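Me: I'm new to reading protein structures, and I'd like a close look at a single part: the aromatic cluster and what surrounds it. Could you walk me through it slowly?

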Amino acid sequence: MTKRNLSERVQSYSVNISIMSAFIFVLLSSNMVSVEGWRRSQFSTYVPSLSTSLVKDEVVFNVRGGMSIDDFSLSDAVDGEDEFRLVDGNVTNVTDTQIDRNGTNTTQRPSNLTFPATNPHDGSDLDPDGIPTRFLQMKKDNRAEAKEAWEAHLLWRKLFQVDTVLARPHKLFDVCKAMVPHYFAGRDPHNNVIFVQRPAMVNFDLMKRNNATMDDLLLHYVYVIEYCWNILDPSPPEKVMTNVLDMKGISFRNMKNQQYIGFGKRFVQMMSSNYPGRSYKTLIINAPSWFHALYKMFKPLLRESTRQKIVIFKSGEKQDTALKFYLGDSVPRDLISTEKAIGDKKSEIDRRYFLPVNDSSQCEPGPNSNIEFEMRQFCIEQLKLHNETMQDVV
């Protein structure tokens, strides 16, 4: 192998590491963190797509949110230094919205399922340029950049009709749920919605078998996030979520998978540009040892206040204790390392991760939580209104 070929391979590998790292840190909160120095990156694109920011200059990370963890020992986090906080400008107390004990919003669903980009409680009504506070925080109060990002977001919503995504039939709901495990597990002790994601389990073979595309999966994520903030947890005030990123099964082989890298890149673009400032707490669980090398790549770029909001754990009893502490009664059994799947439950998990239930009595924290059940029922209702049915997963 020539020096030139070796150099090209090293460069390509480095780029894939950067993209993979970005994908992981985006998944931390589906919101991003402002990261200095990542401007004009390889993620930039000028062609509008579901993932395009429509702003030519950058894809920057903007992770926000947080809670005090003084009452939880830092020694329970990996290496003791991996606890870091993601800053959000206005994390407030839970409102008067009725939440039942299963984590479901018991207020009546709105009859009008068109939801604009702004609401009366996001700060846009008081801003001279109509910019929500989250977008200003994302750009560190740089008004010119925030205005450009906000205008790009509005264009993105218009191009892909995001305002009406919940009113349209979503036939691929089950397919997308099967393609990559992600679910609302319930609510944490602070009443924040818990969102769990497993990036290593993206199934591109299943995507192909079901004639689905990355665009379908990305639009599904838009559907899920819009449902969260407009149906499940509507303002006032603007809410935040607790994120769990389960890294079980992730490896360097993912970096060689161009489909995986491509999806990660597009996911980064879409989420960073359009959904900033929505994280309250982030737990990275089942972290492999090499993850710390990736974290160290990002650590110098992060603000000190940012580093104190994410907790990184490796599998074991300390991780289980932490999950029970942070998630309370809504901790999914499948995330607890000491829980053993038995009988048919184990065979179902082995065969396919997501298998929906047909009765709310079968719900439990996890992929088939009450929140997930209600969201799927909502999707089915919209399909019926349009005389369509859910596509089966093959």
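Reply: Here is a walk through the aromatic cluster, followed by some other spots in the chain.

A word on ground rules: this is a predicted model, where local features need pLDDT of at least 70, side-chain atom pairs count only at pLDDT 80 or more, and totals for chains, interfaces and linings use all residues. Residues are numbered from 1 along each chain as its sequence is written, and side-chain values use heavy atoms, with hydrogens and water left out.

Let's start with the whole chain. It has twelve helices and five strands; helices (H or I, at least four residues) and strands (E, at least two) are DSSP runs, numbered from the N terminus. Of the 394 residues, 54% are buried. Buried means under 20% relative accessible area, exposed means over 50%, and partly exposed is in between, using a 1.4 Å probe and protein chains only.

Now to the part you asked about. Ring pairs link Tyr 221, Phe 263 and Phe 267 into a cluster. Rings of Phe, Tyr and Trp (its six-membered ring) pair if their centres lie within 6.5 Å; planes under 30 degrees apart count as stacked, over 60 as edge-to-face and the rest as tilted. The structure holds eight aromatic pairs. In one of them, the centres of the Tyr 221 and Phe 267 rings are 4.9 Å apart and the planes sit at 75°, so this pair is edge-to-face. Tyr 221 belongs to helix 6 (residues 214-232) and Phe 267 to helix 7 (residues 258-274), so the pair ties together parts that are 46 residues apart in sequence. Phe 267 also pairs with Phe 263, and here the rings are tilted, with 5.8 Å from centre to centre and 45° between the planes. Phe 263 and Phe 267 are four residues apart in helix 7, so about one helical turn separates them.

How buried are these rings? Tyr 221 is buried at 2% relative accessible area, Phe 263 is buried at 1%, and Phe 267 is buried at 0%.

The cluster leads us to the nonpolar cores. A nonpolar core is a set of buried Ala, Val, Leu, Ile, Met, Phe, Trp, Tyr and Cys residues joined through side-chain atoms within 4.5 Å. The largest one has 59 residues, and Tyr 221 and Phe 263 are among those with the most contacts inside it, along with Leu 166, Met 179, Phe 184 and Leu 217. Helix 6 gives the most to this core, with 13 residues. A second, separate core of 16 residues includes Tyr 183, Ala 185, Leu 327 and Ile 336. In soluble globular proteins, nonpolar side chains tend to be buried together.

Take Leu 166 as an example. Leaving out residues up to four places away in sequence, Leu 166 touches residues including Leu 113, Phe 115, Tyr 223, Tyr 227, Ile 231 and Phe 378. Touching here is a contact, meaning heavy atoms within 4.5 Å.

Helix 6 is not the end of the ring story. Arg 278 lies over the face of Trp 229, at 4.2 Å from the ring centre. That label needs NZ of Lys or CZ of Arg within 6 Å of the ring centre and within 35 degrees of the ring normal.

Next, look at Ser 330. Ser 330 sits in the loop between helix 10 (317-327) and helix 11 (343-351), and it is buried at 11% relative accessible area. Among the residues that Ser 330 touches, not counting those up to four places away in sequence, are Ala 185, Gly 186 and Arg 187. Arg 187 and Ser 330 are 143 residues apart in sequence, yet 6.0 Å apart in space, C-alpha to C-alpha. Arg 187 lies in strand 1 (residues 182-187) and is buried at 7% relative accessibility. The C-alpha atoms of Arg 187 and Leu 327 are separated by 7.1 Å, though their positions lie 140 residues apart along the chain.

Two residues to finish on are not glycines but still have a positive phi. Gln 161 has a phi of about 50°, and lies in the loop between helix 3 (143-159) and helix 4 (173-179), where it is partly exposed at 48% relative accessibility. Asn 387 has a phi of about 55°, comes in the segment after helix 12 (370-385), and is exposed at 73%.
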